[in-house]
Amino acid sequence: VEPDGLVRLLRPSPLRVWAVSAFAEQEALDAGPTYRLAEGALGRAIDAGADLERVVAFLVGQAGEPLPDEVEARLRAWARGVRRVRARRALLLLTD
């Protein structure tokens, strides 16, 4: 992961491509696929149930090194801006 948010897959596999595409926008899909971390893509991932800590852990785990400080700060700022709406079934008891 580069400081500008570019993610390069040095050892692409279907699982890595699928995972990164869940929270980043594809820039090039060739022998060295690249993705761009973007607010909209992260927001869609969070809306779909992704957790920011898992996204960060995945990126760190795959890179084998911490994220650049500016990238992690940007991801956290974007995640704070996401507002979720959750629907749950409930039984409502009303008394007379």
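This report covers the strand pairing, one helix packing and the salt bridges of a predicted model.

## Strand order and pairing

The sheet is open and has 3 strands in the order β1-β3-β2, with antiparallel pairing. Strands β1 and β2 stand at the edges; each has a single partner strand, so one side of each is left without a neighbour in the sheet. From one strand to the next, the twist averages 35 degrees. Strands of a sheet pair through backbone hydrogen bonds, and the pairing can be parallel or antiparallel.

Strand β1 covers residues 6-8 and strand β3 covers residues 34-37; 3 bridges join these antiparallel strands. At one position of this pairing, leucine 6 stands opposite arginine 36 in β3. At another, arginine 8 has threonine 34 in β3 as its bridge partner. On the other pairing, strand β2 (residues 24-28) runs antiparallel to β3 and is joined to β3 by 4 bridges. Here alanine 24 has leucine 37 of β3 as its bridge partner. The connection from β2 to β3 is a hairpin of 5 residues.

## Helix on the sheet

Helix α1 spans residues 14-21 and packs on the sheet, where the helix touches β1, β2 and β3. The direction of helix α1 makes about 25 degrees with that of β3.

## Salt bridges around arginine 36

Side chains of opposite charge can pair when their charged atoms come close. The model has 6 salt bridges. One of them pairs arginine 36 with aspartate 4, with the closest N and O atoms 3.3 Å apart. This pair links distant parts of the chain: arginine 36 belongs to strand β3, aspartate 4 to the segment before β1, and the two are 32 residues apart. Arginine 36 also forms a salt bridge with glutamate 27, where the closest N and O atoms are 3.0 Å apart. Glutamate 27 falls within the residue range of strand β2, which is 24-28.

Buried residues have under 20% relative accessible area and exposed ones over 50%. Arginine 36, with a relative accessible area of 23%, is therefore partly exposed. The value for aspartate 4 is 41%, so this residue is partly exposed. Glutamate 27 is partly exposed as well, with a relative accessible area of 45%.

## A salt bridge between two helices

Glutamate 53 and arginine 76 form a salt bridge in which the closest N and O atoms are 2.7 Å apart. Glutamate 53 lies in helix α3 (residues 52-63) and arginine 76 in helix α4 (residues 69-80), so the pair ties together parts that are 23 residues apart in sequence. Both ends have intermediate accessibility: glutamate 53 is partly exposed because its relative accessibility is 42%, and arginine 76 is partly exposed because its value is 25%.

Sharing of partners joins Asp4, Glu27 and Arg36 into one salt-bridge network.

Technical notes:
Residues numbered from 1 in each chain as written. Predicted model: local features only at pLDDT ≥ 70, side-chain atom pairs only at ≥ 80, totals over all residues. Heavy atoms only, no water. Pairing = 2+ DSSP bridges. Axes fitted to C-alpha atoms, helices over the stretch in contact; angles between N-to-C directions. Contact = heavy atoms within 4.5 Å. Salt bridge = Lys/Arg side-chain N within 4 Å of Asp/Glu carboxyl O. Buried < 20%, exposed > 50% of the residue type's maximum accessible area, 1.4 Å probe, protein only.
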